[in-house]
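The exercises below ask you to read a structure step by step, and each is followed by a worked solution. Please keep the sequence and the structure in view while you work.

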Amino acid sequence: MDQIIVQILNGLDKGSAYALIALGLTLIFGTLGVVNFAHGALFMMGAFCAVVTSKILSSSHKVVDETRTDFLGNPLEVDVFYMQDWFGETAGAAIMDWAVPLAILVSIPVMILIGFIMERGLIKHFYKRPHADQILVTFGLAIVMGEVIKYYFGANPIQTPAPEALSGRVDFGVWLGYGPNAIVYPMWRLVYFFFSASIIAAVFAFLQFTTFGMVVRAGMADRETVGLLGIDIDKRFTFMFGLAAAVAGIAGVMYAPIVSPAYTMGMDWLVLSFVVVVVGGMGSLPGAVLAGFVLGIIESFASMPGVVNLLPGINQIIIYVVAIAILLIRPRGLMGRKGVMED
Amino acid sequence: MTDQTTQTPIAAASASSSKGGMFGLAAKDTTLFLVVIGLVIFAPFILNPFPEGSAMAQFNAGYPDLMQRFVIFGILAIGFNILFGLTGYLSFGHAAFLGVGSYAAIWSLKLFTLNVIPAILFAIVVGGFFAWVIGKISLKRSGIYFSILTLAFAQMSFAMAYSVLTPITGGETGLQIKNTDNPLIGGPTDGSIGRANLFGAEMGNSFELGIGNWVFTFNLGYYIAAFAMIVAFYLSIRIFRSPFGIMLRAVKSNQNRMNYTGLTPKVYTLYAFVISGMYAGLAGGLMVAMDTQVGPERMFWTASGEIVIMTILGGAGTLIGPVLGAGSIKYMENILSKINKDVLHQWFAMLPDGLEDVVVEFAYIFVGKQWHFTLGIVFMLVVIFLPGGLVEGAQRVSARFGRKKKATDTTDNSASTSAE
């Protein structure tokens with residue numbers, strides 16, 4: 001039983017990353033009708049926002065400390081962090097420690113800006129072109145973004161630790177009434193899950209309960225009529241693109257402590273999240289979230305040692321098997337609507 | 001789709017029945033075919049324009065390894081183009097057939113005979129069969145669903161080759177010919193590692209011709225692959241100009257209309273899928289024949305993406321485009337990635353020191369390990385401004401210089417509408 005709970009937690013954790021990326025993809029597809037192959041690259045950009053923020057926050061300068069000497073008897077040079085200079089010893093250390101959560105604040109404006117530039121500079125010109133062209137141009141953009149990151153940060157993954165207070169392990173079993181040490185789970189992964197769940201809830205609430213969201217939903221249903229009512233729907237859709245980019249970026253920031261960011265991560269996640277979107281049903285927001293969690297949980301159950309012993313390699317292919325099965329049984333995915341992408 | 005596209009194939013078909021060609025091809029196709037044959041045969045000269053030891057020698061592409069890759073990836077792209085260029089079905093999993101063909105070929109070399117011909121034939125058959133199985137399922141859907149299904153199948157094949165199927169695929173290390181292999185026919189008797197050959201002549205056999213400062217290499221493996229490419233190219237012209245080819249274009253432009261006419265688009269698309277799978281299998285078999293090893297990364301989805309990029313870059317739906325695309329990408333991969341900072345400093349040595357460093361730093365973004373960056377930019381520019389690829393670019397350039405007639409002669413005239 002405790003094994004099963006651990007696997008469910010693993011699945012929720014992985015699934016929430018899938019769900020966040022798939023949600024952004026679906027937002028873009030549902031509003032603008034664009035298939036964005038660069039969405040994984042946006043996720044990667046977010047992760048590198050975390051890397052940059054933690055680099056900037058922990059930048060330092062050398063100060064000669066007269067009271068201490070190195071082994072040659074010369075005065076010792078000590079690294080002094082600017083954060084500690086400015087905010088004092090403990091507060092500065094805390095700021096550096098909490099670099100990843102702070103990076104969220106950095107990433108939101110950065111990602112919205114990247115989203116705006118992408119939409120206004122490139123995607124805008126592709127609304128009237130076929131989906132294949134959209135896929136190809138964003139695929140090219142994803143390659144370019146990956147290479148830019150590789151140029152500045154190198155090809156190796158960069159470790160970005162979570163804050164000290166959140167990087168330990170929790171005795172999860174105790175909360176459920178099990179004995180101590182029955183289910184021990186990394187704290188940050190739990191944080192990630194709850195964080196993603198609240199982001200997803202926030203996006204849905206935004207679409208459901210604000211006037212802006214209502215107009216966007218109306219535009220998704222019938223763009224032309226909304227335009228005829230005198231509403232500048234294009235502007236709002238551009239904002240939605242920025243929002244989707246920000247969601248992907250935040251997902252990336254928070255994922256940085258779990259898997260060290262590298263320039264390949266964009267492409268790796270893109271393939272999977274596209275499978276998620278298609279399984280959920282193109283254009284369906286709840287479908288994307290549902291499929292993200294379902295596939296995440298199925299994948300983590302398939303990686304259980306017992307299952308892998310029975311069917312070796314199943315953990316690597318299960319997502320694709322499920323995706324193929326669902327696409328053949330329910331051609332529009334779990335919650336897909338009629339007439340979306342069926343040309 | 002405009003009326004123009006529906007008329008183009010008919011015009012093309014009537015051209016094929018017109019007089020004046022050879023090999024059953026129309027006159028303009030014959031010209032194109034002969035030009036390609038000439039280029040391929042004399043490639044060792046054409047690709048080696050700079051003398052040995054000169055500063056420009058690094059731009060020479062006339063060495064066997066690279067020339068083999070030109071033609072092999074050319075075959076791959078020609079095959080992909082029969083599917084994507086004609087029917088418009090964008091497969092993101094073509095590397096799977098390449099990989100399967102490679103595995104088939106290496107097993108033929110290991111178990112049956114070291115002669116490459118059975119290996120290549122076996123690779124074609126297995127690639128085609130695999131494509132039939134995957135196509136049968138994937139073609140139940142179209143559009144992006146088809147792309148994702150093919151991608152999923154290819155990733156699945158990759159993951160399985162990497163893990164579960166290790167006994168057949170050698171897992172992460174892949175497969176090589178070993179001295180313990182004992183093929184049924186004509187293996188080495190002295191315990192040495194067998195080499196792929198054609199009736200005794202090894203693939204690596206080369207004849208070097210020195211003229212002045214130039215050294216030209218004529219490699220047996222290259223000419224075998226080149227022969228395969230010429231055959232593949234010929235078949236692709238025939239397919240493009242046949243009634244079958246017109247059916248494939250109809251799949252792209254209006255499936256409803258096909259249905260109403262009593263034709264079944266899916267059957268034609270499946271044929272196209274299997275044919276392009278056989279092309280990929282052939283390419284995989286040739287790769288193994290040239291370099292007797294194979295690993296699962298050959299099936300990874302980035303490899304599929306590369307095939308897509310090649311075809312689009314050259315010009316999907318045109319005859320010569322995919323070959324051009326494959327050639328230019330493989331050239332970029334090999335030549336650009338060799339340029340490092342020292343080379344750049346040599347080139348810009350005439351600039352003042354400070355400026356030189358700035359220019360070198362800037363230029364270095366585009367070459368060396370970052371050559372993918374250049375590839376991505378070029379690819380984006382092509383998709384944005386030249387949906388018909390390099391072929392369309394060439395047409396526009398020649399139209400600008402008032403030689404439009406010649407351009408439409410040498411290229412397929414559906415180029416401008418093909419990427420839709």
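**Exercise 1.** Find which residues A:Ile112 touches when residues up to four places away in sequence are left out, and decide how A:Ile112 is classed by its surroundings.

*Solution.* Leaving out the residues up to four places away in sequence, we find that A:Ile112 touches A:Gly242, A:Ala245 and A:Ala246. Please bear in mind from here on that this is a predicted model. The next step is to place the residue, and A:Ile112 turns out to lie in helix 5 of chain A. We then take one of its partners and compare two kinds of distance: A:Ile112 and A:Ala246 are 134 residues apart in sequence, yet their C-alpha atoms are 5.5 Å apart in space. Finally, we count neighbours: a residue is buried at 20 or more other C-beta atoms within 10 Å and exposed at 12 or fewer, and because A:Ile112 has 18, it is partly exposed.

**Exercise 2.** Describe how helix 5 and helix 11 of chain A pack, giving the angle, the handedness and the residues that meet.

*Solution.* Start with the axes: helix 5 (residues 99-121) and helix 11 (residues 233-255) of chain A pack at an angle of about 145°, and their axes are 7 Å apart. The crossing of these two helices of chain A is right-handed. Now look at the residues that meet, where helix 5 of chain A contributes, among others, A:Ile108, A:Met111, A:Ile112 and A:Gly115, while helix 11 of chain A contributes residues including A:Gly242, A:Ala245, A:Ala246 and A:Gly249. Sorted by class, the contact of helix 5 with helix 11 of chain A has 14 nonpolar, 5 polar and 2 charged residues.

**Exercise 3.** Decide whether A:Gly283 is buried or exposed, and find how far its C-alpha atom is from that of A:Gly33.

*Solution.* First locate A:Gly283, which sits in the loop between helix 12 and helix 13 (285-302) of chain A. Counting comes next, and because A:Gly283 has 23 C-beta neighbours inside 10 Å, it counts as buried. As a last step, follow the chain to A:Gly33, which is 250 residues away from A:Gly283 in sequence, although the two C-alpha atoms are separated by 8.7 Å.

**Exercise 4.** Examine the pairing of strand 1 and strand 2 of chain A, and then that of strand 4 and strand 5 of chain B.

*Solution.* In chain A, strand 1 and strand 2 (residues 75-81) run antiparallel and are joined by 7 bridges. One pair to look for is A:Thr69, which stands opposite A:Pro75 in strand 2 of chain A. The hairpin of these strands of chain A has 5 residues between the strands, and there A:Gly73 takes a positive phi near 90°. Strand 1 (residues 60-69) of chain A is also hardly covered, with a count of 0 buried residues among its 10.

Turning to chain B, we see that strand 4 (residues 206-211) and strand 5 (residues 214-219) run antiparallel as well, joined by 6 bridges. Here B:Glu208 stands opposite B:Thr217 in strand 5 of chain B, and the hairpin, with 2 residues between the strands, has B:Gly212 at a positive phi near 60°.

**Exercise 5.** Find how helix 2 and helix 9 of chain B are oriented to each other, and which residues form their contact.

*Solution.* The axes of helix 2 (residues 27-41) and helix 9 (residues 220-241) of chain B come within 10 Å and cross at roughly 165°. Because angles over 145 degrees count as roughly antiparallel, helix 2 of chain B is roughly antiparallel to helix 9 of chain B. The crossing of these helices of chain B is right-handed. Among the residues in contact are B:Phe33, B:Val36 and B:Ile37 of helix 2 of chain B, with B:Met229, B:Ile230 and B:Phe233 of helix 9 of chain B. The contact of helix 2 with helix 9 of chain B divides into 10 nonpolar, no polar and 2 charged residues.

How values were computed
Residues numbered from 1 in each chain as written. Chains lettered and ligands numbered in written order. Predicted model: local features only at pLDDT ≥ 70, side-chain atom pairs only at ≥ 80, totals over all residues. Pairing = 2+ DSSP bridges. Helix = DSSP H or I, 4+ residues; strand = E, 2+ residues; numbered from the N terminus. Axes fitted to C-alpha atoms, helices over the stretch in contact; angles between N-to-C directions. Left-handed = near helix turned anticlockwise from the far one by under 90°. Contact = placed C-beta atoms within 7 Å. Nonpolar A, V, L, I, M, F, W, Y, C, P; charged D, E, K, R; others polar. Parallel < 35°, antiparallel > 145°, perpendicular 65-115°, else oblique.
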